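Some questions and answers on helix geometry, helix packing and a ligand shell follow.

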Amino acid sequence: MSATDFSDQFRTCQTTGLKVHRPAQRLIWINAVSAVVFLLIGGVMAILIALTKWQAIHLLEQDLFYRFVTAHGTNMLVFWIVFFEMAGLIFGSAVVLGSRFPGIAFGWFNWGLMITGAVMVNVMMFTGKADVMFTAYPPLKAHPLFYLGIILFAVGALLYCFQFLYALVIAKKEGWHKGSLPLFTFGLLTAAIIAIWTLLSGAIAFVPTFLWSLPKTIIPDGSFLRINQVDPEFFRIAFWGFGHSAQQINLAATVAIWYLLAHLTTGAKPVNQKMCRIAFVLYLLGINLGSVHHNLVDPGLSATYRIFNTSYLFYAAVIGSLIHAFSLPAAVETAQRSKGLTRGLFEWLTKAPWSHPGFSGFALSFVIFGFLGGVTGVILSVEQLNMVSHNTLRVPGHFHMTVVGGTTLAFMALTYYVIPLVLQRKLIGEKLAVYQTYIFAVGITIVSAGMTFAGIMGAPRRHYDIEMSNAVFQFPYATAIKPMLSLVGIGAIIAATGLFIFIGIAVLSVFFGEKIEPKVEKHVPPHAAGAA
Ligand code: HEM
Ligand SMILES: [Cu+2]
């Protein structure tokens, strides 16, 4: 089959002129819809656990609290984020490059693995067979199907990453795309490479743990597969090779989305593309190594190793982020000034398209992730400070700024673009979508601030009752801690409102939005050998 045989499978987007490979479009659809389903489950859990943190309400019993924290962390951080990223990889290769996506059936197979895994994990969590938190540190043990579910999900995602790489090869080889990759796709390529390393670390953590969880009736004593003990230190290092690196996938994907949204909404082009690409490469080189900041209180690791890893190596990645932190606003400013918005220092900013959800979502997510999340993260990674902040609410305070106020909000903003562009439905409630970005941003900032300040005052994370009502030893907390925990609850109500509005707009638009009729047009590889 030659590349031209696929020419009937394309349509042209009326607004952007992008060529969309229609079979790939259905794959994007299924991954995006799956992502939103898990966001909904995670969102319901979020409000329940946050209202338990709010001491005056203290909603859940302790068993349910831990079960729901597990379900919240896993559905949000793993299933919502990764399904969305898979949709992003297909979008970034097929649609952005105007290429075909190779192996559609294989793509469906990968989705099948992921959804089977995700459903298995959820069944185990909600039936109380996996109250181990999303970190699943041994010696806590869950039902074998919980680990197997995670492994299936990870294998599906891994195969998608390879498929994405292959799609880039095909785009070049068959002549759909020529020259260097667009910055967005380049950012996704960084994310995909980090993802491969991440998922392999995940296998090192979870495969032995899965074998360990199997009863002796399945793996009897004496079998070479029998594992009687998983060393917690070993698991924690392997786990964070997975868990931390997964956040760097999110970071690279989020930055890539920022460049795309800035471009779509203001026409921004990086002032220096090369610099941006170098910054992405710095992520690749430095950031995985920083994962030891999760193990700073682990006694088995030497101080030299910990300090070297979390300071010197980590800073390579921080430089990458600093480059983006200047490059993105500079790109927007240059684009705006070239439109004549040159009065004073800030007319370019005040007259930015704030009433467009693509722009407001991008700008808010950039500030929350880049400044609040980035700064708190670097502070927490310093060994000495980590000693007093480890396992306090300050930690979730930090990552609700990064992966929620940052990544999740950027994903939401992108969705508002993807629905008309890829899913061919007009957005229902576009005005509400703008408000949605602000509501979610304000809510999650309040949640994060409440967690951070309560954590600084000593409130532990993952604890259903910081008053430790029946404990032998009482800890004299500062009285200001309670208002901070109330902020977590109040912020959660606002953020969850924003989250449910997003789901409402997305679901209504995808299923009931006015159909945009596809303009089916032949599309042959423009750069194929012999093409005009
Ligand atoms: C409405 C939005 C959200 C609210 C109100 C919220 C609230 C919370 C609360 C109260 C906790 C428990 C903190 C503790 O006791 O240690 C928590 C934990 C967590 N959240 Fe969220 N969250 C939200 C959205 C998200 C999203 C979108 C993600 C990921 C993309 C996320 C990831 C996590 C993770 C990984 C944990 C840690 C679970 C654990 O310690 O095992 N959250 N969240
Ligand atoms: Cu980390």
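Q: How many Å does helix H4 reach from its first C-alpha to its last?
A: This is a predicted model, in which local features need pLDDT of at least 70, side-chain atom pairs count only at pLDDT 80 or more, and totals for chains, interfaces and linings use all residues. Residues are numbered from 1 along each chain as its sequence is written, with chains lettered from A and ligands numbered from 1 in written order. H4 (a DSSP run of H or I, at least four residues, numbered from the N terminus) covers residues 144–173, and 44 Å is expected for its 30 residues at 1.5 Å a residue. The computed reach is close to that, at 43 Å.

Q: Which residue just after H4 takes a positive phi?
A: H4 ends at residue 173. Just after H4, a phi of about 80° is taken by Gly-175.

Q: Is H7 roughly parallel or antiparallel to H8?
A: The axes of H7 (273–286) and H8 (303–337) lie 8 Å apart at an angle of about 155°. Angles over 145 degrees count as roughly antiparallel, so H7 is, relative to H8, roughly antiparallel.

Q: Which helix gives the largest share of the shell around ligand 1?
A: Of the 28 residues around ligand 1 (C-beta atom, placed from the backbone, within 6 Å), Ala-46, Gly-73, Met-76, Arg-461 and Ala-492 come nearest. H1, H2, H12, H13 and H14 each supply at least two shell residues. The largest share, 7 residues, comes from H2.

Key: Axes fitted to C-alpha atoms, helices over the stretch in contact; angles between N-to-C directions. Parallel < 35°, antiparallel > 145°, perpendicular 65-115°, else oblique. Expected span 1.5 Å × (residues − 1).
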